[in-house]
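The exercises below are meant to be worked with the sequence and the coordinates open side by side. Try each task before reading the solution that follows.

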Amino acid sequence: YIEIPYDLSDVLFITTANTLETISQPLLDRMEIISISGYTAKEKFYIARDYLVKKALHKTGMVESDFSITDGALNEIIDHYTREAGVRKLEQTIETLLRKAAKEILETDCSKVVVTKRNISDYLGKEKYRFDLMNEKDEVGVARGLAWTSVGGETLSIEVNVMDGTGKVELTGKLGDVMKESAMAAISYIRSKSDEFGIDKEFYKNKDIHIHVPEGAVPKDGPSAGITMATAVVSSLSDVPVRRDIAMTGEITLRGKVLPIGGLKEKSMAAYRAGIKTVIIPEENERDIEDIPQEIKNGITFIPVSDMDTVLGNALRKGK
């Protein structure tokens, strides 16, 4: 650009990105990828309390005697006003809060602003985000999956309705091609094992199956919801409820094998946040458990599986 010769032979280029999906494949092939996991909610809290609030005070020209924020309010910002793997938006939101506090001090002549969980909406407005908690009861045809997105882990509720029909399979919820293929693989597997599941062998002829993944406006793709969809379909066809305190992630093959997935740390954090007590994971991902924060490992029991029979044995509510 400046048209001056410069030797780049000893230069190391470092770039960052929130997702690899938008990077050109030829360029990606020439890069060494270093994946950095997102922060847990607890880590974000300490970063905000010990660093970001002080930084925002300095930027707005305020001191600690002018402003304070409770721990509950900080957690409220993390949970309901930001959704990200890092803390960039969290920092921006805290700065917004400080600017509004500074304005209040100037306009009302108050000596100090104290932000709590109860009054935080007065400064930041209504909550922007929510996360799904564990279901209140075991339900037939509803299974909880786990997804890995550019903003961290998310829980994914998969719903299945089975109706009298002619064997149609309908998939809704703005699903990508890979996810649709996983659903079809799950149904093929169930057809091959219908006797073992106590399911009508002709269900693919006389039943219509509707698989829906809320929220409908959010694009979803990837193979890791395979075992979740299979569990929800088996539950609906056999009228056996799925445990509400369990979530799962894993790709399914036509033979019912469970293949490994990515983003286990982020997915585990999402399960923990939702109050899930048990997470089913592929056996090959068992080694990734050591990367999960100890607080999450203390609250979640991980069940490594290699086949769909083991998934169903753990996920379906026995004795119905």
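Two residues are in contact when they have heavy atoms within 4.5 Å of each other. The model used throughout is a predicted one.

**Exercise 1. The chain as a whole**

Task: Describe the make-up of the chain, and state what percentage of contacts between residues at least 6 apart in sequence join residues at least 24 apart.

Solution: Begin with the secondary structure, where the chain contains twelve helices and eleven strands. Next take the extent of the C-alpha trace, which spans about 75 × 60 × 35 Å along its principal axes. Then turn to the contacts: of those between residues at least 6 apart in sequence, 75% join residues at least 24 apart. Finally consider the surface, for which the accessible area of the chain is about 18,400 Å², with 49% of it belonging to carbon and sulfur atoms, while buried residues account for 42% of the 320 residues.

**Exercise 2. Charges and a bridge between two strands**

Task: Count the charged side chains of the chain, then find which parts are tied together by the pair Lys207 and Asp164.

Solution: The chain carries 43 positive and 51 negative side chains, and the centres of these two sets are 4 Å apart. Side chains of opposite charge can pair when their charged atoms come close. The structure holds eleven salt bridges, and one of them joins the side chains of Lys207 and Asp164 at 2.7 Å, N to O. Lys207 belongs to strand E6 (residues 207-212) and Asp164 to strand E4 (residues 152-164), so this pair ties together parts that are 43 residues apart in sequence. As for their surroundings, Lys207 is partly exposed at a relative accessible area of 26%, whereas Asp164 is exposed at 65%.

**Exercise 3. Buried or partly exposed partners?**

Task: For the salt bridge of Lys205 with Glu202 and that of Asp245 with Arg243, decide how each partner is classed by accessibility.

Solution: In the pair formed by Lys205 and Glu202, the side chains meet at 3.2 Å, N to O; Lys205 has a relative accessibility of 48% and is partly exposed, and Glu202, at 33%, is also partly exposed. In the pair formed by Asp245 and Arg243, the closest N and O atoms are 3.1 Å apart. The cut-off needed here is that buried means under 20% relative accessible area, so Asp245 counts as buried at 18%, and Arg243 counts as buried at 19%. Elsewhere, salt bridges with shared partners join Arg83, Glu154 and Arg273 into one network.

**Exercise 4. Backbone angles in two loops**

Task: Locate Asp109 and Lys174, and give the phi angle of Asp109 and of Lys174.

Solution: Asp109 sits in the loop between helix H4 (88-108) and strand E2 (113-115), and although it is not a glycine, its phi is positive, at about 65 degrees. With a relative accessibility of 70%, Asp109 counts as exposed. Lys174 is placed in the loop between strand E5 (169-172) and helix H6 (177-192), and this residue, which is not a glycine either, has a positive phi of about 55 degrees.

**Exercise 5. Sequence distance against spatial distance**

Task: How far apart are Glu43 and Val87 in sequence and in space?

Solution: First place Glu43, which is found in helix H2 (residues 41-59) and is partly exposed, with a relative accessible area of 34%. Then compare the two distances: Glu43 and Val87 are 44 residues apart in sequence, and their C-alpha atoms are 9.9 Å apart in space.

Notes:
Residues numbered from 1 in each chain as written. Predicted model: local features only at pLDDT ≥ 70, side-chain atom pairs only at ≥ 80, totals over all residues. Heavy atoms only, no water. Helix = DSSP H or I, 4+ residues; strand = E, 2+ residues; numbered from the N terminus. Buried < 20%, exposed > 50% of the residue type's maximum accessible area, 1.4 Å probe, protein only. Areas by Shrake-Rupley, 256 points an atom, 1.4 Å probe, with all protein chains shown as cover. Lys, Arg positive; Asp, Glu negative; His and termini not counted. Charge placed at Lys NZ, Arg CZ, Asp CG, Glu CD. Salt bridge = Lys/Arg side-chain N within 4 Å of Asp/Glu carboxyl O.
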